[in-house]
Amino acid sequence: MTTYWNVDQDLLPEGTERKKAVDSSIAQAAILLQQGETVAFPTETVYGLGADATSSTAVERIFRAKGRPSDNPLIVHIADTEQLSGLIQPLSLTPEHHQLMKIFWPGPLTLVLPVQTGGISPLVTAGLSTVGVRIPNHPMALRLLRSAGIPIAAPSANSSGRPSPTLASHVKDDLDGRVGGILDGGPTGVGVESTVIQIVNGQLYILRPGGITSEQLRSALPHITIHEPEREEISAVETPRAPGMKYTHYAPQGFMQIVQGGREDEVSAWIQRDIDAAKARGESTGILTFEERASWYRADLVIACGALSQPETIAQELYAALREFDQAGIQYIAAEGCEETGIGLAIMNRLRKAAGNKLVYV
Ligand code: TXA
Ligand code: MG
């Protein structure tokens, strides 16, 4: 059975009753974690499915609940930098790491660092010699981590392959009955996962684009080379990688392709013709677009996913939009793309994965 706690500050009535309810929910969730159970909790990016990183029995439960391949390592969540000792090898932090932690923690940046053997379950790192660590910037996540007092391994709280959850209801849809508890803290903020980075030989590699943009990393560390895997062809041999990025992710059940091009009128005309043809074949149709352009289209479901003028809103709404196509049983989806600057790099990374890399350039 899954215990469900509502700690959404915006929904509960204000006052001492609310404070008591939240305190007691966090305390119960922390105890479940200490007992080796799994608990889904909100972070500023997406909901995570947490378990005691030091216990293989607990970590095994995460993989089982999600149906996650065991060669895909988990990110460890901590409440403060003191918790790094015991987790990573002493003296492995460079001045660049310190600079990044100072600027971006708590926040959506995961640092991949040499793991301290014996510190956490080897299942967390999938046998790698490194571990991904971050301090999430969400009041409920921080309170839970502090109360539990242990490092918490937490992947996104979705079934493996589905879009990451940005609402507790998404977690429920995927994992109800399969996890110990769900802490509902309302909608998450950023909407896409943390940026995963590793520093190797003085150069920074973005292993997964996310909530902290490469522009932000560049201004924090102007003197070091930053590699963005998506923009460059780098040899597969010596480049560090996030093992999880090779899996199909976020994909809706229907067919989905991305349509891009130099001229927006040509893109929209192509999409409408393509969608009309699918409709004529008898398929239910969907279009993923943005607020500025939604009125241009006709389909069974047209989703305005944020506004191009405010790309953060696209990130916030993307995963919920992908889930909505499934709820409506849409069989054929055309998606527009956005510019790959700032948060747009992470948005397009996820959208391409969701579309299984099917891309039409008109
Ligand atoms: O925002 C986030 O990062 C969310 C919230 C819950 O914190 N978590 C999350 O976890 O997205 P997950 O498991 O869905 O994605 C973790 C990514 C995977 O692509 C994995 O391969 C990579 O991080 N990763 C973890 N440890 C790594 C390591 N030691 N080396 C390289 N990549 C690693
Ligand atoms: Mg995930």
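This tour moves from the ligand to the pocket around it and then to an enclosed cavity, in a model that is predicted.

**Stop 1: the ligand**

Begin by selecting ligand 1 together with the residues around it. The surrounding shell holds 28 residues, and the closest of these are Thr-45, Arg-68, His-77, Ser-194 and Gly-244. Sorted by class, the shell comprises 14 nonpolar, nine polar and five charged residues.

**Stop 2: polar contacts of the ligand**

Next, display the side chains of Thr-45, Thr-130 and Ser-194. In Ser-194, a polar side-chain atom lies 2.5 Å from an oxygen atom of ligand 1. The side chain of Thr-45 places an N or O atom 2.7 Å from an oxygen atom of ligand 1. At Thr-130, the partner is a nitrogen atom of ligand 1, 3.0 Å from an N or O atom of the side chain. A surface representation is useful here: of the 680 Å² of accessible area that ligand 1 has on its own, the protein covers 97%.

**Stop 3: strands around the ligand**

Switch to a cartoon view and select residues 75-77, 130-134 and 203-208. These are strand 4, strand 6 and strand 10, each of which supplies at least two residues of the shell around ligand 1. Which strand gives the most to this shell? Strand 6 does, with four residues.

**Stop 4: the largest pocket**

Now widen the selection to the site that holds the ligand. Ligand 1 sits in the largest pocket, whose volume is about 740 Å³. The lining of this pocket consists of 46 residues; Arg-68, Asn-72, Pro-73, Ile-75 and Arg-208 lie nearest its centre. Two or more lining residues come from each of strand 4, strand 5 (109-114), strand 6, strand 9 (195-200) and strand 10. Strand 6 again deserves attention, as it gives the most to the pocket lining, with four residues. By class, the lining divides into 20 nonpolar, 20 polar and six charged residues.

Arg-68 is worth keeping labelled: it is among the closest residues to ligand 1 and also among those nearest the centre of the largest pocket.

**Stop 5: the cavity**

Finally, leave the ligand and select Thr-195, Ile-206, Pro-209, Gly-210, Ile-212, Thr-213, Ser-214, Gly-342, Leu-345 and Ala-346, which line the largest cavity. The space inside is about 40 Å³. How many cavities of 30 Å³ or more does a search of the whole structure find? The search finds one. The residues lining the largest cavity divide into five nonpolar and five polar, with no charged residue.

How values were computed. Residues numbered from 1 in each chain as written. Chains lettered and ligands numbered in written order. Predicted model: local features only at pLDDT ≥ 70, side-chain atom pairs only at ≥ 80, totals over all residues. Heavy atoms only, no water. Near = heavy atom within 4 Å. Polar contact = N/O pair within 3.5 Å; in protein donor to acceptor, adjacent residues only side chain to side chain. Areas by Shrake-Rupley, 256 points an atom, 1.4 Å probe, with all protein chains shown as cover. 1 Å grid on protein atoms, 1.4 Å probe; cavity = no way out; pocket = protein on both sides within 12 Å on 5 of 7 lines; lining within 4 Å. Sits in = over half its atoms within 2 Å of the grid points. Nonpolar A, V, L, I, M, F, W, Y, C, P; charged D, E, K, R; others polar. Points joined across faces, edges and corners; volume = space filled by probe spheres on them.
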